[in-house]
Amino acid sequence: MKEMYSKLADFGKELLNKKSLAEGLPLISKYAKQVIGADRCSVFIYNSAKDELWTTIADGTEKIVIPSDKGIVGHTLKERKPLIVFDAEADPLFLSEIDKSTGYKTKNLVTAPIFNSERQIIGVLELLNKEAGFDDEDVKFMIFFAHYVSGFIELTNLYTTEES
């Protein structure tokens, strides 16, 4: 456990040196995958003006944009709580067209909402395909980690919005 906190502290220091979402999101993804043992990670950012979720850090794919009321990440946004899906193809919320367009096969996944300092959702953290499947301990970590990275996402989003 001590080693995990030490790695988290190192991650936090490294994240502080990142000045944009484009720099920070790959680091967030890499760390989350390592800790949980997932194959892929996506950090979806919520654009309230367009009412959509987008990610440029979907491992191995180009930018993904979905309406905020679609899919498992959209459901996570709406319900404001984490979600474990043990069999993606069997879940009616699963957007299989994303797998078809990327050539990736999602078997299982876990999501967690990312809240800003005012408890508004600014994104959704999603991990895909853990060999043994996701469990409640993974959900606890996802909630903690989403909270941990939320300040970075909120501030870089604010800075980017003000610069545009």
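**Strands, core and paired side chains**

Q: Which residue of β6 stands opposite isoleucine 114?
A: Isoleucine 114 is one of the residues of β5, and β5 pairs with β6 in the antiparallel sense over seven bridges, where two strands pair if DSSP finds at least two bridges between them. Strands (E, at least two residues) and helices (H or I, at least four residues) are DSSP runs that are numbered from the N terminus. Opposite isoleucine 114 in β6 stands glycine 123.

Q: What kind of model is this?
A: Residues are numbered from 1 along each chain as its sequence is written, and side-chain values use heavy atoms, with hydrogens and water left out. Local features need pLDDT of at least 70, side-chain atom pairs count only at pLDDT 80 or more, and totals for chains, interfaces and linings use all residues, since the model is predicted.

Q: How many residues of β5 are buried?
A: Buried means under 20% relative accessible area, exposed means over 50%, and partly exposed is in between (1.4 Å probe, protein chains only). Leu109, Thr111, Pro113 and Phe115 point one way from β5, while Val110, Ala112 and Ile114 point the other way, and all of them are buried. Strand β5 is therefore mostly covered under the definition of buried as less than 20%, with the number of its seven residues that are buried being seven.

Q: Which residue in the turn of the hairpin formed by β5 and β6 has a positive phi?
A: β5 and β6 form a hairpin with five residues between them. In that turn, a positive phi of about 65° belongs to arginine 119.

Q: Which element supplies the largest share of the largest nonpolar core?
A: A nonpolar core is a set of buried Ala, Val, Leu, Ile, Met, Phe, Trp, Tyr and Cys residues joined through side-chain atoms within 4.5 Å. Of the 31 residues in the largest such core, Phe11, Ile28, Val43, Leu127, Phe145 and Ile153 touch the most other members. At least two residues each come from α1 (2-16), α2 (21-36), β1 (38-47), β5 (109-115), β6 (121-130) and α5 (136-163). The largest share, eight residues, comes from α5.

Q: What is the distance from glutamate 126 to the nearest side chain of opposite charge?
A: Glutamate 126 is found in strand β6, and apart from residues up to four places away in sequence it touches Arg40, Cys41, Ser42, Phe44, Val73, Leu109, Val110, Thr111 and Met142, contact meaning heavy atoms within 4.5 Å. Lys and Arg count as positive and Asp and Glu as negative, whereas His and the chain ends are not counted. A salt bridge needs a side-chain nitrogen of Lys or Arg within 4 Å of a carboxyl oxygen of Asp or Glu. Glutamate 126 is buried yet has no salt bridge, and the nearest side chain of opposite charge, arginine 40, lies at 9.5 Å.

Q: How many residues apart in sequence are the parts tied together by lysine 105 and glutamate 89?
A: Lysine 105 and glutamate 89 form a salt bridge, with their closest N and O atoms 2.4 Å apart. Lysine 105 is partly exposed at a relative accessible area of 44%, whereas glutamate 89 counts as exposed at 57%. Lysine 105 lies in the loop between α4 (96-102) and β5 and glutamate 89 in the loop between β4 and α4, so the pair ties together parts whose separation in residues is 16.

Q: Is aspartate 138, the partner of lysine 130 in a salt bridge, buried or exposed?
A: The side chains of lysine 130 and aspartate 138 meet in a salt bridge at 2.9 Å, N to O. Lysine 130 counts as buried at 16% relative accessibility. With a relative accessible area of 7%, aspartate 138 is buried.

Q: What is the angle between the ring planes of phenylalanine 11 and tyrosine 31?
A: Rings of Phe, Tyr and Trp (its six-membered ring) pair if their centres lie within 6.5 Å, and planes under 30 degrees apart count as stacked, over 60 as edge-to-face and the rest as tilted. Phenylalanine 11 in helix α1 and tyrosine 31 in helix α2 are 20 residues apart, and both are buried. Their pair is stacked, with 4.7 Å from centre to centre and an angle between the planes of 20°.
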